[in-house]
Amino acid sequence: MHQELTAKEAKLGAEYKKLSADIGKAKEDGDTYTARELKEKREDIQKEYWETRNRREGTMKAIAEKWQAEEAA
């Protein structure tokens with residue numbers, strides 16, 4: 001599960017960077033409609049990225065706590 005979440009996090013990060021570059025190009029071209037649409041997509045990607053990251057970190061924390069509890073027992 002950790003690997004899947006890490007891969008998804010990396011994929012979303014790459015998508016975010018690409019959208020940011022596309023937004024810059026749209027602004028340079030004066031295409032405000034496309035820039036706005038891309039910004040909305042980027043916000044969605046950013047939200048999904050943070051949800052994935054928080055889920056991965058939560059999973060890792062739970063695993064670490066479980067190991068500590070087993071070692072203490």
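Is Arg 56 buried or exposed? Select Arg 56 to begin: at 15% relative accessibility it counts as buried, where buried means under 20% relative accessible area, exposed over 50%, and partly exposed in between (1.4 Å probe, protein chains only).

Before proceeding, please note that this is a predicted model, in which local features need pLDDT of at least 70 and side-chain atom pairs count only at pLDDT 80 or more, while totals for chains, interfaces and linings use all residues. Residues are numbered from 1 along each chain as its sequence is written, and side-chain values use heavy atoms, with hydrogens and water left out.

**The whole chain**

Display the full protein, which has two helices and zero strands; these are DSSP runs (helices H or I, at least four residues; strands E, at least two), numbered from the N terminus. The radius of gyration is 18 Å, well over the 11 Å that the globule rule gives for 73 residues, so the protein is more spread out than a compact globule. That radius is taken over C-alpha atoms, and the rule is 2.2 Å times the number of residues to the power 0.38. The C-alpha trace spans about 65 × 15 × 15 Å along its principal axes.

**Salt bridges**

Return to Arg 56 and add Glu 9: their side chains meet in a salt bridge at 2.6 Å, N to O. A salt bridge is a side-chain nitrogen of Lys or Arg within 4 Å of a carboxyl oxygen of Asp or Glu. Arg 56 belongs to helix α2 and Glu 9 to helix α1, 47 residues apart, and the pair thus links distant parts of the chain. Glu 9 is also buried, at 10% relative accessibility.

Next, select Lys 8 and Glu 48, whose closest N and O atoms are 3.3 Å apart in another salt bridge. Lys 8 lies in helix α1 and Glu 48 in helix α2, so this pair ties together parts that are 40 residues apart in sequence. Lys 8 is partly exposed at 36%, as is Glu 48 at 30%.

Then select Lys 25 and Asp 29, which form a salt bridge at 3.0 Å, N to O. Lys 25 is partly exposed at 49%, whereas Asp 29 is exposed at 54%.

**A surface patch**

Finally, select Met 60, Ile 63 and Trp 67, which make a nonpolar surface patch of about 300 Å². Patch residues have over 30% relative accessible area and no salt bridge; like charges are joined within 9 Å, nonpolar side chains (Val, Leu, Ile, Met, Phe, Trp, Tyr) within 5 Å. Ile 63 lies in helix α2 (residues 32–72) and is partly exposed at 32% relative accessibility.

How values were computed: Accessible areas come from the Shrake-Rupley method with a 1.4 Å probe; for residues, only the protein chains shown count as cover.
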